Amino acid sequence: MTGLRLSNIPIPEPHVVALVVAAVIHRVLPLRIPIGRRAGRIIGGPLLAAGIGFAASAVASAGDAELEGGDALVTNGVYALSRNPMYFGWSASVLGLALWTRSAWLLGTWTVAVLVLDREIKREESQLRRQFGSAYETYRSHVPRYIAFPALSD
């Protein structure tokens, strides 16, 4: 897997809808999360950057494998930490943006987007189970749906 497949760059519709809806509502009725601007940036900035980095790492880990309807199960790179690193990255990024901007509307629409995306992911998992059988079950038993934090000590 040496190249990158542009079709693997994720654009999860629930998050796009969340961003657009929140922006429109915020324009009409601004509503801020009750945290200070500095706190929002200290928490939101790194979360936004980490989410973008995680999603980009997922695209790189997939290389030239075709993820949607492909015939390869990608388990390397960030796929060893999360079965859904692109979705996780997007979710972290949008949450980071909500905190950075202190937008209560974006925080609310992000919550709905995550719930919708979770349902989509469960449907995708059923498809992967049918497509890859025991290989997917083994992968699923070792890697969490969203993220694994390696133990900090032995």
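Ala-60 is partly exposed, with a relative accessible area of 47%. The residue belongs to helix H2. In this predicted model, Ala-60 lies 9.6 Å from Ile-9, C-alpha to C-alpha. The two residues are separated by 51 positions in sequence.

Helix H2 also contributes to the interior. The largest nonpolar core comprises 13 residues. Those with the most contacts inside this core are Ala-58, Val-74, Val-78, Tyr-79, Met-86, Tyr-136 and Tyr-139. At least two core residues come from helix H2, which spans 37–62. Helix H5, spanning 134–142, likewise supplies at least two. The largest share, four residues, is provided by H2. Ala-60 is not buried, because its relative accessible area of 47% is not under the 20% cut-off. A second core is separate from the largest one and has five residues. Among them are Val-94, Ala-98, Leu-106 and Trp-110.

Nonpolar side chains also occur at the surface. Ile-11, Val-16, Val-20 and Val-24 form a nonpolar surface patch of about 340 Å². Val-16, one of these residues, is located in helix H1, which covers residues 13–28. The relative accessible area of Val-16 is 31%, so the residue counts as partly exposed. This value also satisfies the patch criterion, because that criterion requires over 30% relative accessible area and Val-16 has 31%.

Terms used:
Residues are numbered from 1 along each chain as its sequence is written. This is a predicted model: local features need pLDDT of at least 70, side-chain atom pairs count only at pLDDT 80 or more; totals for chains, interfaces and linings use all residues. Side-chain values use heavy atoms; hydrogens and water are left out. Patches are made of residues with over 30% relative accessible area and no salt bridge: like charges are joined within 9 Å, nonpolar side chains (Val, Leu, Ile, Met, Phe, Trp, Tyr) within 5 Å. Accessible areas come from the Shrake-Rupley method with a 1.4 Å probe; for residues, only the protein chains shown count as cover. A salt bridge is a side-chain nitrogen of Lys or Arg within 4 Å of a carboxyl oxygen of Asp or Glu. Buried means under 20% relative accessible area, exposed over 50%, partly exposed in between (1.4 Å probe, protein chains only). A nonpolar core is a set of buried Ala, Val, Leu, Ile, Met, Phe, Trp, Tyr and Cys residues joined through side-chain atoms within 4.5 Å.
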